[in-house]
Amino acid sequence: MKTPDDNRILVALSGGVDSSIAAALLQKRGYDVEGAYIRTWLDEEDLGECPAAQDIEDAEAVADHLGIPFRIVNLVRNYREKVVTYLVDGYRRGITPNPDIMCNREMKFGVFRDVARQEGFSHIATGHYCRSQSSEGQTRILEGIDKTKDQSYFLALTRGEDLQNVVFPVGDLRKAEVRELANEIGLPNARKKDSQGICFLGKVKIDEFLSRYIPDSPGDIVDTAGTVRGTHKGLHRFTIGQRRGIGVPSNTDNEAFVVVAKDLEKNQLVIGFDRPETPLLYQTGAIIGSLNWIGDPPSKGETLAAKPRYRDPAQEIQIIATGEGRIEVEFKNPQRALALGQILAFYRGEELIGGGTYEAVEHQKEFS
Ligand SMILES: Nc1ncnc2c1ncn2[C@@H]1O[C@H](COP(=O)(O)OP(=O)(O)OP(=O)(O)O)[C@@H](O)[C@H]1O
């Protein structure tokens, strides 16, 4: 193992604009910067095409443009073990996993960070829109300045110690500034669109991907009164709140059915109208498990902000009870369509203090 050199930073280069600018900014600040593309998927047959090929080409072109060394870090095996398994197992159990959050925890800030350290890099950097502050051995993660791009949510399950010596150079910038900088320095990928969706899946649809791993398991579609309205091919193909692809006409003008629950025991998909009074659709509280604290853990009775999902605005919550590895929260305002397995991220002001997984949800009392 090489001794970490305080000036050496390995930037995770995805081929996108944000991480390219992260590398350019660090280079400008005088660091000894190198770029690395993380390969998480190899099996081109599985995906029909290799979405990574273009990204690798772009990442390499950026490294060339900046005149920094470039490498590909192969984490295909780790990714299958840690992320694909978690993803497929989750869907198989009827819950809704978040592979992006797991990819950050296990790959970028897990194995990749270890590889960087072994290669003598003191720090790693990514193009995430968030900020980090370190003092007295503790690292605090703050939302990015650009609230419309903030990606701190995706770090909610990353271990605090793994976020030490991680730099987020674009967290202090707005996306428009990042694009402007990319044009100014003539980055070859300046016009590239933002990436979307699950890390490796790229252009592949999630249900198509899952169908390779999880066999169909047909069952009834019922409404909230228990009347059978149709059949489904497998509960894993649906998420609470989903409107598309149910295939049951509502016969009501301007109102479609949404998935309000999955009854795993009966293998039934429960549907209803997208209305606040629809039974099961809105939640007032939740039990959160698989907890991870980056900042100081909350105490019983504390009022905090929390993001029930990425892109959801922060909601006021209260900590009702704390227990071993679990916490019970109450939402000030009922939340729509929270799915088991999804992640709640906790905030004190702008600081991300951690996150956990919905293990159970509490429905609006009058309807449950
Ligand atoms: N395959 C990859 N190889 C290396 N780094 C990656 C890879 N995928 C993502 N990253 C890193 O994680 C960060 C956040 O990833 P995300 O997929 O959300 O991309 P993004 O916000 O669109 O950023 P970018 O514009 O850099 O792609 C990236 O900025 C990059 O540093």
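This report describes the ligand shell, two helix packings and one annotated span in a predicted model.

**Ligand shell**

Around the ligand stand 15 residues, of which A12, G16, D18, S19 and G127 come nearest. Two elements, α1 (17-28) and β2 (32-39), each give two or more residues to this shell, and the largest share, 3 residues, is supplied by α1. By class, the shell around the ligand holds 5 nonpolar, 7 polar and 3 charged residues.

**Helix packing**

Helix α1, which contributes to the ligand shell, also packs with helix α6 (residues 175-184), and the two axes come within 10 Å. Their crossing angle is roughly 65 degrees, and the two helices are therefore roughly perpendicular to each other, with α1 passing α6 in a left-handed crossing. On the α1 side the contact is made by V17, D18, S20 and I21, and on the α6 side by V178, R179, L181 and A182; by class, these residues divide into 5 nonpolar, 1 polar and 2 charged. D18 thus has a place in both descriptions, since it is listed among the residues that come nearest to the ligand and also among the α1 residues of the contact with α6.

A second packing joins helix α4 (residues 76-92) and helix α5 (residues 99-118), whose axes lie 9 Å apart at an angle of about 160 degrees. An angle over 145 degrees counts as roughly antiparallel, and α4 and α5 are therefore roughly antiparallel to each other, in a crossing that is right-handed. From α4 the contact draws on N78, Y79, K82, V83, Y86 and L87, while α5 brings P99, M102, C103, E106, M107 and V111. The contact of α4 with α5 comprises 9 nonpolar, 1 polar and 2 charged residues.

The residue classes of the ligand shell and of the two contacts are set out below.

| Group | Nonpolar | Polar | Charged |
|---|---|---|---|
| Shell around the ligand | 5 residues | 7 residues | 3 residues |
| Contact of α1 with α6 | 5 residues | 1 residue | 2 residues |
| Contact of α4 with α5 | 9 residues | 1 residue | 2 residues |

**Annotated span**

An unreviewed UniProt entry lists residues 287-357 as "domain: tRNA-specific 2-thiouridylase MnmA-like C-terminal". In the model this span is 0% helix and 63% strand, and its end C-alpha atoms lie 8 Å apart.

Technical notes:
Residues numbered from 1 in each chain as written. Predicted model: local features only at pLDDT ≥ 70, side-chain atom pairs only at ≥ 80, totals over all residues. Near = placed C-beta within 6 Å. Helix = DSSP H or I, 4+ residues; strand = E, 2+ residues; numbered from the N terminus. Nonpolar A, V, L, I, M, F, W, Y, C, P; charged D, E, K, R; others polar. UniProt positions renumbered as here; feature names shortened; annotations may be inferred. Axes fitted to C-alpha atoms, helices over the stretch in contact; angles between N-to-C directions. Parallel < 35°, antiparallel > 145°, perpendicular 65-115°, else oblique. Left-handed = near helix turned anticlockwise from the far one by under 90°. Contact = placed C-beta atoms within 7 Å.
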